[in-house]
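These are my notebook entries on a structure that I am opening for the first time. I want to look up its pockets, its charged pairs and a few residues in its loops.

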Amino acid sequence: QVQLVESGGGLVQAGGSLRLSCAASGRTFSGYYVGWFCQAPGKERETVAAISQSGAAIYYADSVKGRFTISSDNAKNTVWLQMNSLKPEDTAVYYCAASTRGIPRAADDYNYWGQGTQVTVSS
């Protein structure tokens with residue numbers, strides 16, 4: 001089993017930055033894919049970014065390209081989401097998730113999920 005714990009969320013003003021961390025325990029991320037997702041109240045959960053264990057494959061939602069950066073450190077079993085130039089519309093609960101089932105194509109393909117961390121961006 002894999003346990004994921006997100007941290008780093010908080011309240012920032014528009015234009016500010018946060019760095020979210022996703023720490024894994026129980027298993028290593030070797031061969032895994034890790035994704036970051038956001039869910040705002042009343043909205044569907046959306047993929048923000050994803051990264052393969054090797055870092056060779058990276059995905060960003062169009063809305064965050066140029067602002068967010070996903071990175072990983074396999075030795076620390078940690079994946080980060082650096083969030084710059086934050087906008088009020090980025091306000092959401094952010095979740096990290098891991099897929100051990102192959103290349104994930106949707107949220108349902110991820111089989112391990114963290115509890116989420118709240119990101120609030122004020123105007």
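Before I start on the pockets, I note that the strands I name are DSSP runs of at least two residues, numbered from the N terminus. I also keep in mind that this is a predicted model.

Entry 1, the largest pocket.
I looked up the volume of the largest pocket and found about 250 Å³. Its lining is made up of 19 residues, and those that lie nearest the centre are Cys 38, Glu 46, Ser 63, Glu 89 and Asp 90. When I asked which strands each supply at least two residues of this lining, I found β4 (33-39), β5 (46-52) and β9 (92-99). The largest share, three residues, comes from β5. Sorting the lining by class, I get eight nonpolar, four polar and seven charged residues.

Entry 2, the second largest pocket.
For the second largest pocket I noted a volume of about 210 Å³. I listed 13 lining residues here, with Ala 50, Tyr 59, Pro 104, Arg 105 and Tyr 110 lying nearest the centre. The elements that give two or more residues to this lining are β5 and β6 (58-60). Which element gives the largest share of the lining of the second largest pocket? I found that β5 does, with four residues, and I had already written down β5 for the largest share in the largest pocket. By class, the lining of the second largest pocket has 10 nonpolar, two polar and one charged residues.

Entry 3, the salt bridges.
Side chains of opposite charge can pair when their charged atoms come close. How many salt bridges does a search of the whole structure find? The search finds two, and I looked at each of them in turn.

One salt bridge is formed by Lys 65 with Asp 62, and the closest N and O atoms of this pair are 3.2 Å apart. I then checked whether its partners are buried or exposed: Lys 65 has a relative accessible area of 51%, so it is exposed, and Asp 62, at 66% relative accessibility, counts as exposed too.

The other salt bridge is formed by Asp 90 with Arg 67, with the closest N and O atoms 2.8 Å apart. This pair links distant parts of the chain, since Asp 90 sits in the loop between β8 (78-83) and β9 while Arg 67 sits in the loop between β6 and β7 (68-73), 23 residues apart. Asp 90 has a relative accessibility of 7% and therefore counts as buried, and Arg 67 counts as buried at 11%. I note again that Asp 90 is among the residues nearest the centre of the largest pocket.

Entry 4, residues in the loops.
Most residues other than glycine have a negative phi, so I looked for exceptions with a positive value. Asn 77 is one of them, with a phi near 50°. I placed Asn 77 in the loop between β7 and β8, where it is buried, with a relative accessible area of 16%. In that loop I also found Lys 76, which counts as exposed at 57% relative accessibility. The C-alpha atoms of Lys 76 and Ala 57 are separated by 19 Å, and these residues are 19 residues apart along the chain.

Ser 85, which is not a glycine, has a positive phi of about 50° as well. I found Ser 85 in the loop between β8 and β9, and at 38% relative accessibility it counts as partly exposed.

Methods. Residues are numbered from 1 along each chain as its sequence is written. This is a predicted model: local features need pLDDT of at least 70, side-chain atom pairs count only at pLDDT 80 or more; totals for chains, interfaces and linings use all residues. Side-chain values use heavy atoms; hydrogens and water are left out. On a 1 Å grid over the protein atoms alone, a cavity is a set of points where a 1.4 Å probe fits but cannot get out, and a pocket is an open set with protein on both sides within 12 Å along at least five of seven lines; lining residues have an atom within 4 Å of a point. Grid points are joined across faces, edges and corners, and a volume is the space filled by probe spheres set on the points. Ala, Val, Leu, Ile, Met, Phe, Trp, Tyr, Cys and Pro count as nonpolar, Asp, Glu, Lys and Arg as charged, and the others, Gly among them, as polar. A salt bridge is a side-chain nitrogen of Lys or Arg within 4 Å of a carboxyl oxygen of Asp or Glu. Buried means under 20% relative accessible area, exposed over 50%, partly exposed in between (1.4 Å probe, protein chains only).
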